[in-house]
Amino acid sequence: MITVEGLTKSFGRQPVLRQLDLEVPTGSVTVIIGRSGGGKSVFLKHLVGLLHPDAGRVLVDGAEITRLRGRALDAVRRRYGVVFQGGALFDSMTCWDNVAFPLREKLRLRRAEVGKRVETALAQVGLEGVGGKNPAEISGGMRKRVAIARALVTEPEIVFFDEPTTGLDPILVNTIHRLIQGLHRKLGFTAVMVSHEIPEIFEIADTVAMLHEGRIVEVGTPAAIQASANPVVRQFIRGEPGNAEGH
Amino acid sequence: MTEPPLALALRPLDALGRSALSIVDALGRFGTFLIQALAATLTPPFKIRAFVDRINFIGYRSLLIILLTGAFTGMVLGLQIYITLSRFGSEAFLGPAVALSIIRELGPVLAALMVTGRAGSALTAEIGIMRITEQIDALTVMALNPMRYLVAPSILAGVVTFPLMTALFDVIGIFGGYLVGVELLGLSQGTYFGEMKTFVDLDDIMLGFWKSISFGIIVTWVCTYKGFHVGHGAEGVARATTQAVVMSSVLILVWDYFFGSVWR
């Protein structure tokens, strides 16, 4: 269970998160939706310990990670897998080495075991045979899938997806969503995803949380969110321009 | 709660105070970065593969520019010092004059400046791009210390390669002086090298050696720091790269003066 209590963060005089509260149940897929520039990625960076809040706390199974530093924080991070918005693949390595990297460096597995798990991970994301290529040589959709393979190869308990389908065509968006859904069913991890993809995310989410002006304004099942009476939520999921855009 | 606005007369003082604090803050971060990097350099696990890669990146790929600048520096020194010494009838001292200039001063400084221009800038750009494309964040969330993978191998490679580059620069520079003084201007080979053996001692060589090691630390420290703390986008990387080269070059010259003043 991930519990977020009163998370507050400002950059200079610009408040980004304001007293944000959220609970992510173990084993669920929780999707955070909201406008671009609304603080979703900043929120995710707090969950993985890349940013520290001005106030509030994040608890992962009772451990307050916002207070942890160094090895104690790393011990929590070993349970994580993170898929970054742009993939964040190491461009000096092949795709195969990218997927192998956490196995070699984080888990220190033997070569044969690394090889077996990398091949399995690449096969799971439908990328057999592309391991020898560099990230620059493959398409955006393939890069996202390699990033997913790298995040999941260590069999993490909690996986964070930062807009895993941004910039992809609708077919690839569905492909990636189905892939995440399938892997979630198979591996049973807790997933926290930041996404704009409406209505596609309603297919894979157990819980949807709407982040607006630094606060979670509505949390519920996909059906409840789609039936929400909250004008901000209604406007966002219908893609209507208006005062929620701030103009 | 927002602070009340300052009186107009106090605003310059407020701005001065803020900039002083930001300088102290930046210096603190700069120093802390080196301490963290040295801690990652001196404690296991050591990243041997990354270290060898950095030696190739900083040292091996700088060989050509070191050979070229070393040769022409020696040739220019040979010519100019010969012209100067001939006015006093002291051409015999060409060998030691060229050797001492290069070994004590020009070798370590010019080799460091050349490596800064070629490898230091590339180091900043590479780490900067890794920062803006979240590759450094990816290392962090894998519970792996980016200092150990990116900074420590670079600093260690700087400590190893800078003295080697300097030694090469020295040898080629002295040979360049020989080409001009002996082969072109007619000084005897025995005089050129004989007087050099008389006047150059181990202290001179050790001065150049320690200077080059300190320059290796300065350049890799500044360049990795600037890459790590890059701004946003391509413009941020470009700015960091320029700042890294300028700051490294200035620090090399300033440190060279103080080091040379203390160790004579």
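Okay, starting in chain B: helix 1 and helix 6 are roughly perpendicular to each other, because their angle of about 90 degrees falls in the 65 to 115 range that earns that label. This is a predicted model, by the way. The axes of those two helices, residues 11-42 and 146-184 of chain B, sit 8 Å apart.

So who touches whom there? On the helix 1 side you've got F33(B), L34(B), Q36(B), A37(B), A40(B) and T41(B), and they meet M147(B), R148(B), V151(B), A152(B), I155(B) and L156(B) from helix 6. By type, the contact has 9 nonpolar residues, 2 polar and 1 charged.

Over to chain A. Here we have an open sheet of 6 strands, ordered 6-7-8-3-9-10, with mixed pairing. Strand 6 (80-83) and strand 10 (215-220) of chain A each have a single partner strand, so they're the edges, with one side lacking a neighbour in the sheet. On average, neighbouring strands are turned by 15 degrees against each other, ignoring direction. Inside the sheet, strands 7 (158-162) and 8 (190-194) of chain A run parallel, joined by 5 bridges. One bridge pair to click on: F161(A) with M193(A) in strand 8.

Last bit, the interface. 20 residues of chain A contact 15 of chain B, and the buried area comes to about 1,600 Å², 60% of it from carbon and sulfur atoms. Which three residues supply the most of chain A's share? F84(A), F90(A) and E105(A), at 27% of the area chain A buries against chain B. The rule also finds 2 salt bridges across the interface. E134(B) makes a salt bridge with K45(A), with the closest N and O atoms 3.8 Å apart.

Note on methods: Residues numbered from 1 in each chain as written. Chains lettered and ligands numbered in written order. Predicted model: local features only at pLDDT ≥ 70, side-chain atom pairs only at ≥ 80, totals over all residues. Heavy atoms only, no water. Pairing = 2+ DSSP bridges. Helix = DSSP H or I, 4+ residues; strand = E, 2+ residues; numbered from the N terminus. Axes fitted to C-alpha atoms, helices over the stretch in contact; angles between N-to-C directions. Parallel < 35°, antiparallel > 145°, perpendicular 65-115°, else oblique. Contact = heavy atoms within 4.5 Å. Nonpolar A, V, L, I, M, F, W, Y, C, P; charged D, E, K, R; others polar. Buried area = accessible area lost by both parts, 1.4 Å probe. Salt bridge = Lys/Arg side-chain N within 4 Å of Asp/Glu carboxyl O.
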